[in-house]
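This briefing looks at how helices pack and how aromatic rings pair in a single model. Please keep the sequence and the coordinates at hand while reading.

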Amino acid sequence: MTTKKPSRRVVKKKKTLSAASLAAANAGARSTMVHGQTSTKAWEFSRHLIPPITSNTTFRLGSLDRGAQGFMQFGADDVDRLDPILIYDRLDEPNTLLLEEQLALLEGSEAATTFGSGMGAISGALLSVLKSGQRIVAHRNLYGCSYSLLSEWLPRFGIESTFIDVNSREHRQLLNDTNVRVLYFECVSNPSLDLADIPAIMSEVRKINRTRSESDRIIVIVDNTFATPWGLRPLEWGIDLVIHSLTKNIGGFGTEMGGAVMGSRRFERGLKLARKDFGAILSPKSAWGINVYGIPTLAMRFEQQQKNAIAVARFLEKHPKVESVLYPGLKSYGKFNLAKKLLKTPEGNFAPGTMISFTIKGDMGRCRKFVDHVAKNSYSITLAVSLGLTKTLIEVPGYMTHAAIPKDKLAASGIDPRLVRLSLGVENADDIIADLDAAFRAL
Ligand SMILES: *Cc1c(COP(=O)(O)O)cnc(C)c1O
């Protein structure tokens, strides 16, 4: 890693920014993640170093008029997002407001809306912008539950999806269909690590959108869980809404579930109303944990995990029993130049990420033998789903996280059933490699 000076987004003093907000806006991203805003209207806790946890479902409203005003203002555009009349936890509450403020800083967005899980965030985002008769065009390789949401559930409400290779110019012709309202993909896909060519995609979408009215415009929604905001900030490339499963790298410790949608304020009202009525809210205790432990340590965890990923990818690439390795940090990665362009930390360093997928030479039996050996004998690697945590995890997507995709559709989704997915933790790379090496020797 280079020791470049941290990038600083120098913000000119505006009347609307307090001294504390101004300091946060001018600090480098790494420091902003540790300190956030030093004061906030979301909650008065100026004598605490760490914000307290609230455990409370309903709020004193004081008068009928104030209560009525709170309901009237909920989600309205002209109300201070951080200083709403608090009514009931399913609408807004302090710990999630604090986390949302911090997520918006992290992602460089006007607004952030949290949900109870990544899937809560994905369904909330899609349902807040789509109606019956409109279509989704989505990348063919998606997280298993996202695939089943699009292919099984949304069609029941008249919202159909077409799955394409989002990097194929020819496939993208489908976006010209005026019923297409949403383009959906994962910036780095789970589990095939396909990197979306965001600049090329967005230049076409902009061209199409110039010919459409606001209500027919294509809204581009991406799931950036794999790259994390430390590795890629899609809003800078013109994406409309960015989704994260907070359960993964942002939460980071495997203790909390959560999801979030970031973007401009014009989407916020719809997101909050969808969250209120579908009910996928984040628990204040989870919001607190993600805010206090997750975000401040994201950069440092990510960098140690990525260091391990680079070492493990190089080990796998040279191993005679390995058939293929997918990792954006390897020169053999199909889109290495695009990876260098898109995957960057806010400090300007290359950020190929913390995830590797690979296949072992031979049939499914050998894959099973390898993974079972790891599950039974490894110290540093655990057979478990989820990813982006401090502990290294291994799984076989075709049989686990992506089991919702029918076996006969796996190939069309770009998933080899023998694909093994590794999520690197913060251990010492030598120990992870020793565990993998032992499993290879046992084959
Ligand atoms: C895990 C995951 C999700 C779902 O998040 P949950 O918090 O488990 O609901 C969505 N997208 C991707 C890419 C994921 O890896």
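Does Phe336 count as buried or exposed, and at what relative accessibility? In this predicted model, Phe336 has a relative accessibility of 13%, and because buried means under 20%, Phe336 counts as buried. The points below place this residue among the aromatic pairs and then turn to helix packing.

**Aromatic pairs**

- The structure holds 6 aromatic pairs, and one of them joins Phe336 and Phe350, whose ring centres are 5.9 Å apart and whose planes stand at 85°, so that the pair is edge-to-face.
- This pair links distant parts of the chain, since Phe336 belongs to helix H11 (residues 336-342) while Phe350 sits in the loop between H11 and strand S9 (355-360), 14 residues apart.
- Whereas Phe336 counts as buried, Phe350 counts as partly exposed, with a relative accessibility of 24%.
- Phe370 and Phe440 form a tilted pair, because their ring centres are 4.6 Å apart and their planes lie at 40°.
- The pair of Phe370 and Phe440 also connects distant parts of the chain, with Phe370 in helix H12 (residues 364-377) and Phe440 in helix H13, 70 residues apart.
- Both partners are buried: Phe370 has a relative accessible area of 0%, and Phe440 has a relative accessibility of 1%.
- Phe370 and Phe440 also belong to one aromatic cluster, which includes Phe315 and Phe358.

**Packing of H10 and H13**

- Helix H10 (residues 284-318) and helix H13 (residues 429-441) have axes that come within 9 Å and cross at roughly 30°, and because angles under 35 degrees count as roughly parallel, H10 is described as roughly parallel to H13.
- The crossing of these two helices, H10 and H13, is right-handed.
- On the H10 side the contact is made by Asn308, Ala311, Val312, Phe315 and Leu316, and on the H13 side by Ala429, Ile432, Ile433, Leu436, Asp437 and Phe440.
- Sorted by class, the residues in the contact of H10 with H13 are 9 nonpolar, 1 polar and 1 charged.
- Phe315 of H10 and Phe440 of H13 take part in this contact, and both are also members of the aromatic cluster.

**Surroundings of H6**

- In helix H6 (residues 144-153), the buried residues are Gly144, Ser146, Tyr147, Ser148, Leu149 and Leu150.
- The buried residues of H6 pack against helix H5 (118-129) and against three strands, namely S2 (135-139), S3 (160-164) and S4 (180-186).

Conventions: Residues are numbered from 1 along each chain as its sequence is written. This is a predicted model: local features need pLDDT of at least 70, side-chain atom pairs count only at pLDDT 80 or more; totals for chains, interfaces and linings use all residues. Side-chain values use heavy atoms; hydrogens and water are left out. Axes are lines fitted to C-alpha atoms, for helices over the stretch in contact, and angles run from 0 to 180 degrees between N-to-C directions. Helices (H or I, at least four residues) and strands (E, at least two) are DSSP runs, numbered from the N terminus. Angles under 35 degrees count as roughly parallel, over 145 as roughly antiparallel, 65 to 115 as roughly perpendicular and the rest as oblique. A crossing is left-handed if the near helix is turned anticlockwise from the far one by less than a right angle, and right-handed if clockwise. Contact means heavy atoms within 4.5 Å. Ala, Val, Leu, Ile, Met, Phe, Trp, Tyr, Cys and Pro count as nonpolar, Asp, Glu, Lys and Arg as charged, and the others, Gly among them, as polar. Buried means under 20% relative accessible area, exposed over 50%, partly exposed in between (1.4 Å probe, protein chains only). Rings of Phe, Tyr and Trp (its six-membered ring) pair if their centres lie within 6.5 Å; planes under 30 degrees apart count as stacked, over 60 as edge-to-face and the rest as tilted.
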